[in-house]
Amino acid sequence: MAELRPSGAPGPTAPPAPGPTAPPAFASLFPPGLHAIYGECRRLYPDQPNPLQVTAIVKYWLGGPDPLDYVSMYRNVGSPSANIPEHWHYISFGLSDLYGDNRVHEFTGTDGPSGFGFELTFRLKRETGESAPPTWPAELMQGLARYVFQSENTFCSGDHVSWHSPLDNSESRIQHMLLTEDPQMQPVQTPFGVVTFLQIVGVCTEELHSAQQWNGQGILELLRTVPVAGGPWLITDMRRGETIFEIDPHLQQERVDKGIETDGSNLSGVSAKCAWDDLSRPPEDDEDSRSICIGTQPRRLSGKDTEQIRETLRRGLEINSKPVLPPINPQRQNGLAHDRAPSRKDSLESDSSTAIIPHELIRTRQLESVHLKFNQESGALIPLCLRGRLLHGRHFTYKSITGDMAITFVSTGVEGAFATEEHPYAAHGPWLQGPSELQECQAPELHRLFPQLHHKGESVTQESSQELPHLSCLSPVSC
């Protein structure tokens, strides 16, 4: 539950917005991380020292449900000459470390990211006669923040979020989101690390599908070229009734289809409802290919397995001439800027209390045949996996949200994979890899392999045993 008030009004826990010349004694009265972000806001909006602010009544670190302590709302006049309309600018506080005392985020130094390393922003077109900003974007940002806190999957520019509902609970066609760098907010160095600002961009279903099939950055660039669909600052207009492909039909064929053919897809994996069964032996076989048991408890993904899967997903976002699956090694080799503190829960780690079997005790098994199970939406991404990933020499991973299980499709030539041309199906505990021969499949073969799907990824029926109940939200696994 939240309350709305000016950010400078008296409140039980929220500090006032400091002025740029605030004396040190005043600045020390409120959290330094909050002070640093306020400073960037004051740089952009010096005439709005006390914007309206949605604040969590019970803070997350006191047991409240809302991870964001505050969401400030500013009025941006835009620039009509540059096709930038007047709009409301929303800025979150809480995904980064505001306090530095370990109440929410573990302090790990000033050189790395602060907390999760980013805050969310959102730009909503101001309607004629609108005197105050709508508050629903604050709840939308809280929903995304809950996902980040619960899964510890962070967001990156170009990521997509399939929401499957109008963002403002209206009849709008804007039902999904892309993420990009905020065009005005600059990265902030705080006493607890660096904070960047990721802007939420509302998109239609057709635009989301194109981002999945190609890449988010490409669709964002197209949105920037269409003023009514976002313009240079990617401002969301909830009343937009046409997709960019309806506004300019040439964009689909000349930009998106050509981009898919040339670049493939940058989507390297998703968290989804999926499962697999080993059909190589009868069910009564005591040794389960997906688990090694202690007593009656199935094994969890080991730390090394988890590390490799996460690195696999991250490496998949990079376009390399020779894709590589990283070795199963807990030490990072590539110096990724988004690394978090070692004490954080791994984004792919299970919450189960089941004992972890040491990685060295898990042997890789070659399987003769497997049965893959996907819910409708994740199954609809299989053509993307083949057309946008395997045909371009890359890999694609499904990480189950219902258990410790993962399925990675790998193409021939990906180094570090335990699935090979001789043994196209291989399992390491609950992690399945393969089959490499699918990269040779074209549209006719897709109908034979997955008859419930159109070759363009549109679902036809839910009657196949290869599907699980419909999943309301398919989330990208972010770097």
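Here, buried means under 20% relative accessible area and exposed over 50%, with partly exposed in between. By that yardstick Gly-413, at 47% relative accessibility, counts as partly exposed. This glycine sits in the loop between strand E15 (406-410) and strand E16 (425-428). Its C-alpha atom is 7.0 Å from that of Gly-393, a residue 20 positions away along the chain. The model is a predicted one, and what follows was computed from its atoms.

On to the interior. Nonpolar side chains in soluble globular proteins tend to be buried together. In this model the largest nonpolar core has 30 residues. Those with the most contacts inside this core are Tyr-90, Leu-95, Phe-118, Leu-120, Met-141, Phe-155 and Ile-200. Several pieces of secondary structure feed into it: strands E3 (70-76), E4 (87-93), E5 (113-125), E7 (176-181) and E9 (193-203), along with helix H3 (136-151), each supply at least two residues. Helix H3 gives the largest share, eight residues. There is also a second, separate core, made of 24 residues, and Val-270, Ala-275, Trp-276 and Leu-384 are among them.

Cysteines come next. Cys-204 is buried, with a relative accessible area of 0%, and Cys-385 is likewise buried at 0%. As for disulfides, a search of the whole structure turns up zero.

Salt bridges are a richer topic, as the structure holds 14 of them. One joins the side chains of Arg-146 and Asp-66, with an N to O distance of 2.7 Å. Arg-146 belongs to helix H3 and Asp-66 to the loop between E2 and E3, so this pair ties together parts that are 80 residues apart in sequence. The two partners differ in their surroundings: Arg-146 is partly exposed at 22% relative accessibility, because the partly exposed class begins where buried, under 20%, ends. Asp-66, with a relative accessible area of 3%, is buried. This pair does not stand alone, since Asp-66, Glu-139 and Arg-146 are linked in a network of salt bridges.

Another salt bridge brings together the side chains of Glu-86 and Arg-75, at 2.6 Å from N to O. Here the pair ties together parts that are eleven residues apart in sequence, because Glu-86 lies in the loop between E3 and E4 while Arg-75 lies in strand E3. Both ends are partly exposed, with relative accessible areas of 24% for Glu-86 and 33% for Arg-75.

A further salt bridge links Arg-173 with Glu-206, whose closest N and O atoms are 3.2 Å apart. Arg-173 is in the loop between E6 and E7 and Glu-206 in helix H4 (residues 205-213), so parts 33 residues apart in sequence are tied together by this pair. Arg-173 counts as partly exposed at 27% relative accessibility, and Glu-206 counts as partly exposed at 37%.

The backbone has a couple of spots worth a look. Most residues other than glycine have a negative phi. Glu-152, although not a glycine, has a positive phi of about 60°. This residue is placed in the loop between H3 and strand E6 (160-162), and with a relative accessible area of 11% Glu-152 is buried. His-164 shows a positive phi too, near 65°, and is again a residue other than glycine. His-164 is found in the loop between E6 and E7, where, at 35% relative accessibility, it counts as partly exposed.

Finally, the surface. Ile-57, Val-58 and Leu-62 form a nonpolar patch there, with about 260 Å² of accessible area together. Of these, Ile-57 is placed in the loop between strand E2 (52-56) and E3. Ile-57 has a relative accessible area of 40%, so it is partly exposed. The loop between E2 and E3 thus turns up twice in this account: it holds Ile-57 of the nonpolar patch, and it also holds Asp-66, the partner of Arg-146 from helix H3.

How values were computed:
Residues are numbered from 1 along each chain as its sequence is written. This is a predicted model: local features need pLDDT of at least 70, side-chain atom pairs count only at pLDDT 80 or more; totals for chains, interfaces and linings use all residues. Side-chain values use heavy atoms; hydrogens and water are left out. A disulfide is a pair of cysteine sulfur atoms within 2.5 Å. Buried means under 20% relative accessible area, exposed over 50%, partly exposed in between (1.4 Å probe, protein chains only). A nonpolar core is a set of buried Ala, Val, Leu, Ile, Met, Phe, Trp, Tyr and Cys residues joined through side-chain atoms within 4.5 Å. Helices (H or I, at least four residues) and strands (E, at least two) are DSSP runs, numbered from the N terminus. Patches are made of residues with over 30% relative accessible area and no salt bridge: like charges are joined within 9 Å, nonpolar side chains (Val, Leu, Ile, Met, Phe, Trp, Tyr) within 5 Å. Accessible areas come from the Shrake-Rupley method with a 1.4 Å probe; for residues, only the protein chains shown count as cover. A salt bridge is a side-chain nitrogen of Lys or Arg within 4 Å of a carboxyl oxygen of Asp or Glu.
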